[in-house]
Amino acid sequence: AKLPLSKAWQRAAKSLPVRHEPFVKMFPEGLDAAPGALHTSPGFSGVLFEERGAACLIGPTRFSDGVPGTLAGEDRAYFSAEPSRRLFAMSGAGLIGASGICYVPAARTVIRETLDVWDTPLDAHPVFATPGLPPARPLPGISLSLATLGGETFYHFLIESLPKLALARAFLPHIDQLLVPRYIEESKTAWLRHLGFHQKIVWLQDLDHWHCEQLLFTNRLSRHFEPNAWTVRTLRTLAGVPEAPAAPGGSLWLDRSGVSNRATTWERDFAAGLPQLEPVDLGSLSPKEVLSHCTSARVMVGLHGAAFANMVFTPPGARIVELMPRPFHPFYSRLALACGHAHVAVRVADTSPGRADALATVRGLVSP
């Protein structure tokens, strides 16, 4: 069969990956990069840590009007399992892009555990059809990749990137740099520093191409749209969140009216109708301030958005009320389930009567 021109070009180029395989197929028993070389540094490639994930139930989003939702076309109850958690070490690793695609340069083979797409087959990933990449830049020392698909955004950074630190904790004193997807760099740096990680940060961009002397990386720690209980426990431990709140908690309105690409024309008026809620823009606060607000909160209300990711720091049993002007993917209803919270979605029609009905519904949901 004839290859598409882009893939044919890539196969002809001598430096680009053309296939993908599981890590253990490439390094079945661990491998010294220079076996038998007594007077050189061989560099080990193999699995450093492995832990089986637990079974879990994925639940549907509950809407306040009782009508089932159509979020992402997949919002239903079903059984799943947390991914088995693996930490890999690789000597002489190639690394491509902001999502941290790792490959074996000599074999032109991508490590499958680092290859992820939202809704297309792995073989159709753009990395196998790129017309070219910049020459690989050397990255000396030991690097730890915190990259993940979507890791530029706060939700994926918090829920999927930061837990990688826990798997690599025993090796962190020896890490020279952390590899982190670019975007909201100030916020990401603040969270890493707050959690006690002060290594150099290398910001990853879409067209980056690195050759890492030694690289530590993990598989994806959450399945697609499936945040899990291990993630929640791990983040709470990393942040030093107590098991129970020290004092009765407050009720928060997750204010995003100051964010131009998220604000609606009616959010401030809607929030004004809920004076029992404390407006807080979590995205503008330091990690210490975020934890101060969240670790004792009993209610979170707001429009769909990444601020809800901070519910992982809220004590189990909190009420999470998510306003939905339109259908969204069920990130936060499923995160609430993993946290042990009670989540309800409220549809908000884009009319004054529709918003008044939604406001009355929310008042009933947050009343003591």
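1. What covers the buried residues of α10? The cover includes α7 (267-272), β15 (299-303), β16 (319-324) and β17 (342-347), where helices (H or I, at least four residues) and strands (E, at least two) are DSSP runs numbered from the N terminus.

2. This is a predicted model, in which local features need pLDDT of at least 70 and side-chain atom pairs count only at pLDDT 80 or more, while totals for chains, interfaces and linings use all residues. Residues are numbered from 1 along each chain as its sequence is written, and side-chain values use heavy atoms, with hydrogens and water left out.

3. Helix α10 (residues 352-366) has 15 residues and reaches 21 Å from its first C-alpha to its last, close to the 21 Å expected at 1.5 Å a residue (the expected span being 1.5 Å times one less than the number of residues). Gly354, Arg355, Ala358, Leu359, Val362 and Val366 of α10 are buried (under 20% relative accessible area, against over 50% for exposed and partly exposed in between, with a 1.4 Å probe and protein chains only). Seen down the axis of α10, these buried residues fall within an arc of 135°, so they line one face of the helix (the arc is that of the directions from the helix axis to the C-beta atoms). On the other side of α10, Pro353, Asp357 and Gly364 are exposed.

4. His198 lies in the loop between α5 and β11 (200-204), and because its relative accessibility is 57%, His198 counts as exposed. His198 and Leu172, 26 residues apart in sequence, are 10.0 Å apart in space, C-alpha to C-alpha.

Key:
Contact = heavy atoms within 4.5 Å.
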